[in-house]
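Please open the model in your viewer and keep the sequence panel at hand. We will go from one selection to the next, with a few words on what to look for at each stop.

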Amino acid sequence: METEENYRKIVRVTSKKSEDHSEANEEKLWRNSVASEEEEVDPYTKRRRESVKNDVYDMCLKVILLGDSGVGKTCILMRFRDGLFLSGNFISTVGVDFRTKVVSVDNTKVKLQIWDTAGQERFRSVTHAYYRDAHALLLLYDVTNKTSFDNIRAWLGEIREYAQDDVVIMLLGNKADCGGERAVRREEGERLAREYNVAFMETSAKSGQNVELAFVAVARELKYRQNGQRDSNKFNVQDYVREQTQKSQCPPLYDLINTNY
Ligand SMILES: Nc1nc2c(ncn2[C@@H]2O[C@H](COP(=O)(O)OP(=O)(O)OP(=O)(O)O)[C@@H](O)[C@H]2O)c(=O)[nH]1
């Protein structure tokens with residue numbers, strides 16, 4: 001078991017250079033070893049380092065991934081958390097699962113506790129229990145699956161019923177990399193988001209398109225809200241997302257000038 005005591009033992013064994021085993025020194029040795037990125041480390045130490053890194057934060061927010069089964073919630077989380085996309089066999093989530101990641105928003109360390117819920121109908125009563133204390137909800141549909149898009153209205157109904165009134169909602173049209181198989185146009189997603197007054201963008205867990213942006217945008221919105229700056233119009237998540245996605249779609253002027261048409 002990964003207890004604090006076990007961890008300290010490992011620090012003692014690995015820090016042969018020092019005879020000083022005081023808590024402060026062990027902490028310093030550990031921090032120094034983290035700084036050395038070249039160093040080879042065993043998986044236990046790596047996991048421990050990641051968990052300590054995740055423990056340094058200024059605010060903690062709960063984000064929930066919602067949407068029909070198969071839209072890509074687990075893949076979006078894996079892409080964001082670990083930078084990975086595992087294609088192949090699709091294994092449906094059972095109940096709920098969560099991961100954490102710390103992101104930096106204007107010098108504030110925001111710890112996101114991200115809950116991946118099962119999209120299957122039979123788990124709905126379990127997942128409803130998690131809505132209540134969520135700060136943000138990322139609601140996904142699959143751009144190649146029209147039914148998953150049509151079901152978004154029902155999802156939004158459930159959100160209104162079970163989540164807090166001021167929860168931040170972002171609609172994500174995932175699998176944007178599947179151009180040829182597309183069943184939902186981008187404009188349809190935009191229109192629906194406008195109708196419900198929620199932020200929107202298309203994402204791809206496969207290519208990584210907009211995945212980081214989706215999480216950072218909700219973290220940013222919540223940070224500004226908690227700082228009481230919401231009413232001063234300093235930040236609006238919908239405008240922010242629009243600006244950022246437009247930037248990424250528009251090639252820099254330099255590229256345009258140097259392109260041979
Ligand atoms: N091409 C492509 N495939 C994706 C993308 N995201 C997910 N997939 C695939 O879609 C399938 C379902 O992905 P999951 O992330 O497991 O779906 P889920 O929404 O978590 O499903 P449940 O756990 O049943 O709710 C998998 O086969 C993935 O490889 C994407 O952005 N692009």
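The tour starts with the whole chain, moves through the strands and the core, and ends at the ligand.

**The whole chain**

Bear in mind that this is a predicted model. Show the chain as a cartoon and you will find 11 helices and 6 strands. Of its 261 residues, 29% count as buried. If you draw the contacts between residues at least 6 apart in sequence, 70% of them join residues at least 24 apart.

**Strand E4**

Now select residues 136-142, which form strand E4. Is this strand enclosed or open to the outside? E4 is largely enclosed by the rest of the structure, because 7 of its 7 residues are buried. Turn on the side chains and look at each face in turn. In a regular strand the side chains alternate between the two faces of the sheet. On one side of E4 you meet Ala136, Leu138, Leu140 and Asp142, and on the other Leu137, Leu139 and Tyr141, with both faces covered.

Next, add residues 59-67, strand E1, which runs parallel to E4 and is joined to it by 5 bridges. To find the register, look for Leu65, which stands opposite Leu138.

**Strand E5**

Then select residues 168-174 for strand E5, where 7 of 7 residues are buried. Its two faces are both covered: Val168, Met170, Leu172 and Asn174 lie on one side, and Ile169, Leu171 and Gly173 on the other. E5 and E4 run parallel, with 7 bridges between them. Two pairs help you line them up: Ala136 stands opposite Val168, and Leu140 has Leu172 as its bridge partner.

Leu172 also leads you onward, since it stands opposite Met201 in E6. Strand E6 covers residues 199-202 and runs parallel to E5, joined by 4 bridges. Add helix H8, residues 186-195, to see E5, H8 and E6 make a right-handed β-α-β unit.

**Two loop residues to check**

Select Lys175, in the loop between E5 and H8. This residue is not a glycine, yet it has a positive phi of about 70°. Is Lys175 buried or exposed? It counts as buried because 26 C-beta neighbours lie inside 10 Å, and the cut-off for that is 20 or more.

Asn210 is the next stop, in the loop between E6 and H9. Here too phi is positive, about 60°, in a residue that is not a glycine. Asn210 is buried, with 22 other C-beta atoms within 10 Å.

**The nonpolar core**

The largest nonpolar core has 50 residues, and those touching the most other members are Val63, Ala136, Leu137, Leu138, Leu139, Met170 and Val218. Helix H9, residues 211-226, gives the largest share of this core, with 7 residues. For a close-up, centre on Leu138. Leaving aside neighbours within four places in sequence, Leu138 is in contact with Val63, Leu65, Met170, Leu172 and Ala214.

**The ligand**

Finally, display the ligand and the 22 residues around it. Which of them come nearest? Pick out Ser69, Gly72, Ser92, Thr93 and Gly119. Colour the shell by class and you get 6 nonpolar, 12 polar and 4 charged residues. Helix H4, residues 73-82, provides the largest share of this shell, with 3 residues.

Conventions. Residues numbered from 1 in each chain as written. Predicted model: local features only at pLDDT ≥ 70, side-chain atom pairs only at ≥ 80, totals over all residues. Near = placed C-beta within 6 Å. Nonpolar A, V, L, I, M, F, W, Y, C, P; charged D, E, K, R; others polar. Core = buried A, V, L, I, M, F, W, Y, C linked by C-beta atoms within 7 Å. Buried ≥ 20, exposed ≤ 12 C-beta atoms within 10 Å, placed from the backbone. Contact = placed C-beta atoms within 7 Å. Pairing = 2+ DSSP bridges. Right-handed = clockwise from strand over helix to strand, strands pointing away.
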